[in-house]
Amino acid sequence: MLRDARHVLNGTHIDCDLCVIGGGAAGLTIARELAGGSLSVVLLEGGGLEVDGISQALYAGRNVGLPYERLTTARSRYLGGSTNCWGGFSRPLETTDFAERPWIPGSGWPIRRDTMMPYYERSHSVLGLGPFEYDNDYWMERVGGPRTELIPVEADDGGGVGSPGGFENRVAQLSPPIRMGEAYRAEIGRAANITAFLNANVTGLDTNHSATAVEKVQVRTLGGPGFTVGARLFVLGCGGIENARILLLSNKVQAAGLGNGNDLVGRYFADHPRFKTAPVRLARQGRHRTLYDVSLCLARRRLRRPHPSIALALSPTAELQERKALPNSRTYLVASYHSGALDAFKAMRDLRLLPSRHRCRRFGVSEDEAASLLRNAGPRILRSLPQLAHALFDSTIDPGWLPRRFTLETVLEPVPNPESRVTLDHATDPFGRNLPKVDWRLTAQDRWGATETQRLLREDLLRRGLIAVDGGEGHEEGGRSEAEATMADVGWCWHHMGTTRMHDSPRHGVVDSDGRVHGVGNLYVAGSSVFPTMGADHPTMTIVALALRMTDRILALLQDERNSPPAPAIAASL
Ligand SMILES: Cc1cc2nc3c(=O)[nH]c(=O)nc-3n(C[C@H](O)[C@H](O)[C@H](O)COP(=O)(O)OP(=O)(O)OC[C@H]3O[C@@H](n4cnc5c(N)ncnc54)[C@H](O)[C@@H]3O)c2cc1C
């Protein structure tokens with residue numbers, strides 16, 4: 001059943017077996033798994049059924065670290081969460097991403113990839129992906145053609161880092177992309193055991209006097225009623241920034257915030273940094289571009305050619321990572337006109353704000369902000385028109401003869417960094433709750449890892465005659481050397497991770513290997529905030545796999561409790 005929280009009687013208290021906070025990738029996965037079962041589930045979603053600036057504005061916050069996307073536009077605040085705006089790129093993390101690696105401080109999960117595999121497999125149907133298959137040969141047979149081939153970095157060329165054990169091809173699948181709110185709202189609405197409250201903003205978790213169990217959550221609506229929800233178990237699934245914020249705000253008993261006895265909540269905030277090289281040309285563009293040019297892969301998905309869609313990237317093998325003490329990474333191609341075209345698209349989106357205040361609200365932008373965006377939109381569009389025209393022509397007509405320049409774009413596994421963190425700001429939201437302050441930082445090791453990875457890959461591709469650099473080696477782009485170009489304009493991927501990291505010991509992690517908050521027996525955290533090491537791949541498939549695993553655990557736990565004598569047994573297991 002779907003209900004609007006604004007119609008609940010003020011001061012109401014609702015009890016259930018399981019309370020899921022947040023209706024995004026993680027929360028909806030859990031709720032769907034339990035739909036039609038015997039457990040009573042309350043899902044609390046802060047937004048409504050579609051994008052709404054007023055709800056979006058509740059995602060405000062302050063960036064004080066590296067330049068980063070405005071927090072109101074860096075995620076979607078309505079049913080389906082950020083699957084409403086995600087790109088759909090999906091691939092399981094690698095075996096080594098789960099392992100402790102001496103050259104990556106703080107690395108390693110308390111669970112192994114083997115444990116995750118059945119859940120990764122199940123995540124495919126949740127995310128609308130193709131067959132559970134990540135073998136390059138399989139995909140080349142299925143979607144490759146006589147004119148498409150993998151970049152042959154795995155072939156033994158008799159020396160250098162590029163011989164076997166150097167770089168490898170990794171395939172990612174592209175979800176249509178599924179918008180989980182739209183796809184699953186009917187199913188949730190039909191489930192008699194689930195009540196999903198929309199516009200239900202959770203402002204804090206109330207615990208018992210020792211902060212060892214959550215008793216109820218506080219729910220507020222904008223200008224409307226407030227109510228509470230009690231449950232036997234609670235799952236917090238509000239995304240990588242809000243999960244930390246809500247725990248920090250829940251400080252009535254534990255002054256530092258719930259689960260924060262060891263000052264870890266909010267620390268280790270990470271996104272996947274993106275680094276670009278100066279432009280290169282492909283020696284065999286006709287054969288190699290289709291699978292590696294990310295803009296073309298997205299355009300082909302839009303045209304459903306081929307389906308299911310895939311995209312390829314080049315990554316250091318586990319051996320190379322170990323040999324050179326490198327972090328994991330994936331590098332793909334981005335056509336040189338892409339960033340200009342993207343900026344023109346963004347400027348056009350800003351123009352949509354033009355005539356009405358209503359639209360400003362809809363997109364979560366203040367009127368002052370809108371005025372400044374609009375002043376800049378015209379010049380930005382004019383400046384980027386040639387690239388926009390180029391992009392449209394190239395992705396729809398795709399002429400084989402057109403010469404193109406590409407940047408090699410590397411997405412890097414960030415080194416876990418306790419100084420990169422989410423804390424509470426002094427500014428508050430309309431409920432009087434402190435906004436998040438995001439201090440995204442990278443370490444010298446991250447920057448070295450990016451430069452070194454790009455140097456090794458470029459050398460390998462050049463030696464094999466697969467790329468050419470305009471003007472030869474040492475070419476300078478816009479007066480910048482290659483190394484400087486790599487470090488300029490660090491980008492991000494909108495992947496908010498690490499703030500409630502998973503570890504067997506409460507001294508090193510906020511949650512245990514099941515996602516349960518150390519010391520708080522009935523509180524679980526779902527989402528990429530629990531990732532202790534991030535890998536270089538897209539997080540959502542791992543988020544969904546972890547949510548499926550968590551649901552199995554929760555089901556078993558609650559059903560066990562039902563079958564055993566009440567209070568003492570329940571208290572002990574919680
Ligand atoms: C532009 C963009 C592109 C992306 N592309 C990819 C990609 O290609 N591949 C990939 O794997 N990932 C991608 N991602 C990341 C992906 O969207 C997230 O990993 C995923 O959605 C996170 O799932 P989640 O459930 O943890 O959080 P979310 O999906 O963000 O859901 C959180 C939910 O909690 C609700 N909520 C927040 N605060 C409260 C509160 N106080 N009370 C009640 N409810 C609340 C929100 O409204 C939201 O519905 C992308 C993200 C963005 C923004």
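**Exercise 1. Trp494**

Task: In this predicted model, classify Trp494 as buried, partly exposed or exposed, then place it in the fold and inspect its phi.

Solution:
- Start with accessibility. Trp494 has a relative accessibility of 40%.
- Apply the cut-offs. Buried means under 20%, exposed means over 50%, and partly exposed lies in between. Trp494 therefore counts as partly exposed.
- Locate the residue. Trp494 sits in the loop between helix H15 (482-487) and strand S19 (523-525).
- Check the backbone. Phi of Trp494 is positive, about 60°, although the residue is not a glycine.

**Exercise 2. Tyr268**

Task: Find the phi of Tyr268, and decide whether Tyr268 is buried or exposed.

Solution:
- Read the torsion. Phi of Tyr268 is near 65°, a positive value in a residue other than glycine.
- Find the segment. Tyr268 belongs to the loop between helix H7 (242-249) and strand S11 (274-276).
- Take the accessibility. Tyr268 stands at 15%, so it counts as buried.

**Exercise 3. Asn208**

Task: Which backbone nitrogens does the side chain of Asn208 reach?

Solution:
- Place the residue. Asn208 is in the loop between S8 and strand S9 (214-220).
- Test the burial. With 16% relative accessibility, Asn208 counts as buried.
- Trace the side chain. One partner is the backbone nitrogen of Ala211, at 2.9 Å.
- Continue to the other. The backbone nitrogen of Thr212 is also reached at 2.9 Å.

**Exercise 4. Gly128, Ser175 and the cis bond**

Task: Find the C-alpha separation of Gly128 and Ser175, and state which peptide bond is cis with omega near 5°.

Solution:
- Locate Gly128. It lies in the loop between helix H4 (113-126) and helix H5 (136-143).
- Classify it. Gly128 has a relative accessible area of 31%, so it is partly exposed.
- Take the pair. Gly128 and Ser175 are 47 residues apart along the chain, and their C-alpha atoms are separated by 5.7 Å.
- Turn to omega. The cis bond runs from Pro176 to Pro177.
- Place Pro177. It is found in the loop between strand S6 (167-174) and helix H6 (180-190).

**Exercise 5. The ligand shell**

Task: Describe the shell around the ligand by residue count, composition and supplying elements.

Solution:
- Count the shell. The ligand is surrounded by 35 residues. The closest are Ala26, Glu45, Gly87, Phe89 and Thr540.
- Sort by type. The shell holds 16 nonpolar, 17 polar and 2 charged residues.
- Assign the elements. Helix H1 (25-34), strand S8 (201-207) and helix H16 (540-563) each contribute at least two shell residues.

**Exercise 6. Polar contacts and burial of the ligand**

Task: Identify backbone partners of the ligand at Ala26, Gly87 and Phe89, then find how much of the ligand the protein buries.

Solution:
- Take the oxygen contact. A polar backbone atom of Ala26 is 2.8 Å from an oxygen atom of the ligand.
- Take the nitrogen contacts. A polar backbone atom of Gly87 is 2.9 Å from a nitrogen atom of the ligand. A backbone N or O atom of Phe89 lies 2.9 Å from a ligand nitrogen atom.
- Add the area. Alone, the ligand exposes 1,000 Å², of which the protein buries 94%.

**Exercise 7. A nonpolar surface patch**

Task: Which residues make the nonpolar surface patch of about 280 Å²?

Solution:
- List the members. The patch is made by Phe345, Met348 and Leu392.
- Place Met348. It is part of helix H11 (residues 338-351).
- Check its eligibility. Patch residues need over 30% relative accessible area. Met348 has 34% and is partly exposed.

Methods:
Residues numbered from 1 in each chain as written. Predicted model: local features only at pLDDT ≥ 70, side-chain atom pairs only at ≥ 80, totals over all residues. Heavy atoms only, no water. Near = heavy atom within 4 Å. Polar contact = N/O pair within 3.5 Å; in protein donor to acceptor, adjacent residues only side chain to side chain. Areas by Shrake-Rupley, 256 points an atom, 1.4 Å probe, with all protein chains shown as cover. Helix = DSSP H or I, 4+ residues; strand = E, 2+ residues; numbered from the N terminus. Nonpolar A, V, L, I, M, F, W, Y, C, P; charged D, E, K, R; others polar. Patch = residues over 30% accessible without salt bridge, like charges linked within 9 Å, V, L, I, M, F, W, Y side chains within 5 Å. Salt bridge = Lys/Arg side-chain N within 4 Å of Asp/Glu carboxyl O. Buried < 20%, exposed > 50% of the residue type's maximum accessible area, 1.4 Å probe, protein only.
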